[in-house]
Structures are given as structure tokens and as C-alpha cells.
Amino acid sequence: MLQKLLKPQVKTALAIVWFVFTFSLVAWWWVFFLLRLNPNTTTLEQMKMSHRMFVWEGSILLAAILFGGVSLVVFTYRDQKRHQRLRFFFSTFSHDIKTSIARLRLQAEVLEEETTNASSPILKRLISDIQRLDLQLENSLLLANLEDGELLHEDVSLRSIFSSLRNEFPELSIELEREATIRGDHRALLSVFKNLLQNSVLHGKATTVRIKIKTLSDNRIELQMQDDGLGFKGPVHKLGSEILKSQDARSNGLGLLITSRLLNRMNGHIRYDSRENEGFRSFIELEGQLK
């Protein structure tokens, strides 16, 4: 019953009341000491009256601080437990749905191989939509486990990553300038590049992505991914920093947000550059070496 009454707005109001009350009382004591308790002008009787006032006001202040502090600890603990339960539910739900989507995708690919009209646009659109849904669920899983999930720190071949991604983006020509080894988590890196390629196909209508690599230092490299798409019309500096409100129902910036956070956890960094009708460029800095 008490938990139902303590809605977030009520908690916020109680916290504000507690803060205003304790701050005002402490401020009043501080001003009173400065103005009234002058040892050169204060009499013994005034000191006794002040002493009684301090006893009562001090008791109320200590009780308020104790009550407010304990309440804050309890509310913080409850919110933390609820956050953990929601994250566990979200992670489990996304994992179950992703498994079902993977089976559906496999069946669609088998159907495409067995059908006589292999170039059916309906089948291709179905597989494309399943791939996009699979990527969105993968992003949801990564977002749910981003804070506590462990990432590996291993050598990953850049060529092997893009070789596997070519099968998922058959409509896209991916040109890798040269081979390199990246230090990071294979699954996280796969998600990073998959999101960037999906962004080029879905929003930029790109047909080609070129990846250039250069050395920054002994153990760091920079990848420049550039597509030949339509580019991005909005503020580029906001990409990857927050979930954006978009008129396009297929886009909210979650993929680039996940990309940015995953790279940060792998000691990497990404920035974007784009002009309308001049393609979209991503600059990725990571630990790694050229081959």
C-alpha cells in the first residue's frame, strides 16, 4: 500500500521538502549564531534561552536528517533492485525473441533457396526485414547488458568480420583497403560494423562502402568508412550521443548510440562527417595494427 502511494512524483516532492526544511534550519542556526550569540553583549539569561532552543531545534534537525537519509537509502536500494529486475526481464525477453527471429530467418533463407523464383522481391524484402529486426534485437540485448556485461580483449581480423557481413548485406559492395588486426570483443565489433553498414543501406541508400585504414601510433589505427549514399541532413554532432526523435519510424539513433558506447568500452572512439548527397563518413579509432 505504502509502495503504491510513493509514486515517483511523491518521492521527488518529499525529497524537495526534506531538503528545503533541513537547509533552512541549518541556515537559520548559522545566521542566529552570527547575529545573536555575541559573547560581549549576550547575558546569562539569553544564553539559557538559546540553549533550550538549540536542544529542541537540534533534536528536530537530527530527526529530519536521520529520517531523510534513511528514506533516501531505502528508495535508492528499491530503485536499484527494480532496475535490475527490469534489465533482467528485458534481456531475457530480447534473447527469446532473437532466437525465434533467427529460426524465422533461417526458414526464409531455406525457402528462398528452394523456391523456383529465387529473385522474388517479396522474399528479398522479407529477409531484409528479418535482418533489420534481428539487428534491432541484438542492439536491445547489448543495451541491456552494456553496463555490466564483460567484453573480451582479443585480436580480431578485420577481413573476417567484413567477410561475414558481406553475406548479410548482399546489396552492398564492401571494399576493404587492407587487412588489420583489432583488439576488442568480436561480437561487439560485429555489432558496431553491422550498425554502420545498416545505417548506410537503410538511410543513405548506399550501394558501396569503402574502408580505408591508417596507423595513428604503435598500437592504434583509424578506420575511415565512407559510403556513396545520400548523407545525413541533421546535426552530425548529435549522432551516437543520444536517442534521437526522428520522423522515420525505422530510425531513432539507437544503433549509433550502441556503436559509440561499445567503442568507448573497447578504448575506442568514433566521429562522423556527412554532407547532403556526398555520402556518410565514420572515423573509428581503435587499438590494432596493420597487417
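Which strand is Gln224 found in? That's where the first close-up of this predicted model starts.

**View 1. Gln224 and its surroundings.** The residue sits in strand β5, which covers residues 220–227. Is Gln224 buried or exposed? With a relative accessibility of 19%, Gln224 counts as buried, because the cut-off for that label is under 20%. Leaving aside residues up to four places away in sequence, look for Gln224 touching Arg210, Ile211 and Lys212, along with Arg281, Ser282 and Phe283.

**View 2. Phe162 in the largest nonpolar core.** This core is made of 42 residues, and helix α6, running over residues 186–202, gives the most to it, with 8 residues. Which residues have the most contacts inside the core? They are Phe162 and Phe193. Zoom in on Phe162 and, again skipping residues up to four places away in sequence, you'll find it touching Phe193 and Leu197, plus Ile174, Leu176, Ile211 and Met225. As a bit of background, nonpolar side chains in soluble globular proteins tend to be buried together.

**View 3. Helix α5 meets helix α6.** Here α5 (residues 158–168) crosses α6 at roughly 50 degrees, and their axes come within 10 Å. The two helices are therefore oblique to each other, and their crossing is right-handed. Sorted by class, the contact between α5 and α6 has 8 nonpolar, 2 polar and 2 charged residues.

**View 4. Who touches whom between α5 and α6.** On the α5 side, pick out Leu158, Ile161, Phe162, Ser164, Leu165 and Glu168. Facing them from α6 are His186, Leu189, Leu190, Phe193, Lys194 and Leu197. Phe162 and Phe193, the pair from the core view, turn up here too.

Notes
Residues numbered from 1 in each chain as written. Predicted model: local features only at pLDDT ≥ 70, side-chain atom pairs only at ≥ 80, totals over all residues. Heavy atoms only, no water. Core = buried A, V, L, I, M, F, W, Y, C linked by side-chain atoms within 4.5 Å. Buried < 20%, exposed > 50% of the residue type's maximum accessible area, 1.4 Å probe, protein only. Helix = DSSP H or I, 4+ residues; strand = E, 2+ residues; numbered from the N terminus. Contact = heavy atoms within 4.5 Å. Axes fitted to C-alpha atoms, helices over the stretch in contact; angles between N-to-C directions. Parallel < 35°, antiparallel > 145°, perpendicular 65-115°, else oblique. Left-handed = near helix turned anticlockwise from the far one by under 90°. Nonpolar A, V, L, I, M, F, W, Y, C, P; charged D, E, K, R; others polar.
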